[in-house]
Amino acid sequence: MNRIRALALAAVVSASSLAHAAEFSSLEERMSRAEFSAAGLDTLKPEQLKALNEWLRFNGLAPGAPVAIARSRDGVPEYYPDEKARQPIVAHIEGKLDGWMGKTSFKLDNGQVWQQAETGLKSGLALSNPEVRIKPMLLGSWLMYVEGCGCSIRVRRIK
């Protein structure tokens, strides 16, 4: 009986993982090394980290799952104090996008300005007015997917 339950759970997790694979990025991908370490995640065994990522993939991205409200940091205005206002955004970056480094800002054709919210470097893109999809993630963060490069980056809205 336990084996049947385990197989059923594995099937559910696998189906959920496939459904959300394009939307999910692991903790290691989304957090800087400093954030990862500060949260104590670097002390987890690989199988524990895998289990945590699977739990987040299954529970954290489910439709209607609760999302923490973002808080203003360092004087940055809070644009989405109401959780219901945190809806995915589809727009285009104005002009050419070669990549990002540090605190790169992205001006969108809808008037919004978003800024890189994680450390990291991406270069050599040479994209012209690429479409971006910005979606709310766990703990009030946002993830921006860039068409044409198959890459994503955590961002925060600054205007």
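# Notebook: strand β9 and its surroundings

I began with the pairing of strand β8 (residues 131-136) and β9, which is antiparallel over 5 bridges. The model I am reading is predicted. I looked up one bridge by name: I134 has M144 as its partner in β9. Then I checked the link between the two strands. β8 and β9 make a hairpin with 5 residues between them. L139 sits in that turn and has a positive phi of about 60°.

**The other neighbour of β9**

I moved on to strand β10 (residues 151-157). It runs antiparallel to β9, and 5 bridges join the two. Which residue of β10 stands opposite M144? I found I153 there. M144 therefore has I134 as its bridge partner in β8 and I153 opposite in β10. β9 and β10 also form a hairpin, with 4 residues between the strands. G148 takes a positive phi near 95° in this hairpin.

**Burial of β9**

Is β9 mostly buried or exposed? I counted 5 of the 5 residues in 142-146 as buried, so the strand is largely enclosed by the rest of the structure. Next I sorted the side chains by face. In a regular strand they alternate between the two faces of the sheet. On one side of β9 I noted W142, M144 and V146. On the other side I noted L143 and Y145. Both faces are covered.

**The nonpolar cores**

I looked up the largest nonpolar core and found 18 residues in it. L97, W100, I134, M144, V146 and V155 touch the most other members. β1 (89-92), β8, β9 and β10 each supply at least two residues of this core. Another core lies apart from it and has 5 residues, among them F36, L41, L49 and L56.

I then listed what V146 touches, leaving aside neighbours within four places in sequence. The contacts are L97, W100, L127, P130, E131, V132 and C151.

**Aromatic pairs**

How many aromatic pairs does the structure hold? I found 2. W100 and F106 form an edge-to-face pair, 6.1 Å centre to centre with 80° between the planes. W100 is buried at a relative accessible area of 6%. F106 is buried too, at 1%.

I turned to W114 and W142. Their ring centres are 5.3 Å apart and their planes stand at 65°, so this pair is edge-to-face. The pair links distant parts of the chain. W114 belongs to strand β5 (residues 113-116), W142 to β9, and 28 residues separate them. Both are buried.

**The disulfide**

I searched for disulfides and found 1. C149 and C151 form it, with their sulfur atoms 1.8 Å apart. Which hand does this disulfide have? The torsion about the S-S bond is about -75°, so the disulfide is left-handed. I also compared the burial of the two cysteines. C149 is partly exposed, with a relative accessible area of 23%. C151 counts as buried at 10%.

**Two serines**

I picked S141 in the loop between β8 and β9. It is buried, with a relative accessible area of 12%. Beyond four places in sequence, S141 touches R30, R86, K135, P136 and R154.

I then picked S152, which lies in strand β10. Its relative accessible area is 29%, so S152 is partly exposed. Past the residues up to four places away, its contacts are W100, E118, L143, M144 and Y145. I also checked S152 against E29. They are 123 residues apart along the chain, and their C-alpha atoms are separated by 9.4 Å.

**Confidence**

Last, I checked how far to trust the prediction. The protein averages a pLDDT of 74, and 66% of the residues score at least 70. Over residues 1-22 the pLDDT is below 50. That stretch has 11 contacts in the model beyond near neighbours in sequence. Residues 61-71 also stay under 50. For residues 61-71 the model has 24 contacts beyond four places in sequence. Where pLDDT is low, the predicted coordinates should not be read in detail.

Definitions and conventions: Residues numbered from 1 in each chain as written. Heavy atoms only, no water. Buried < 20%, exposed > 50% of the residue type's maximum accessible area, 1.4 Å probe, protein only. Pairing = 2+ DSSP bridges. Contact = heavy atoms within 4.5 Å. pLDDT = per-residue confidence, 0-100. Core = buried A, V, L, I, M, F, W, Y, C linked by side-chain atoms within 4.5 Å. Disulfide = S-S within 2.5 Å. Phe/Tyr/Trp six-rings, centres within 6.5 Å; stacked < 30°, edge-to-face > 60°.
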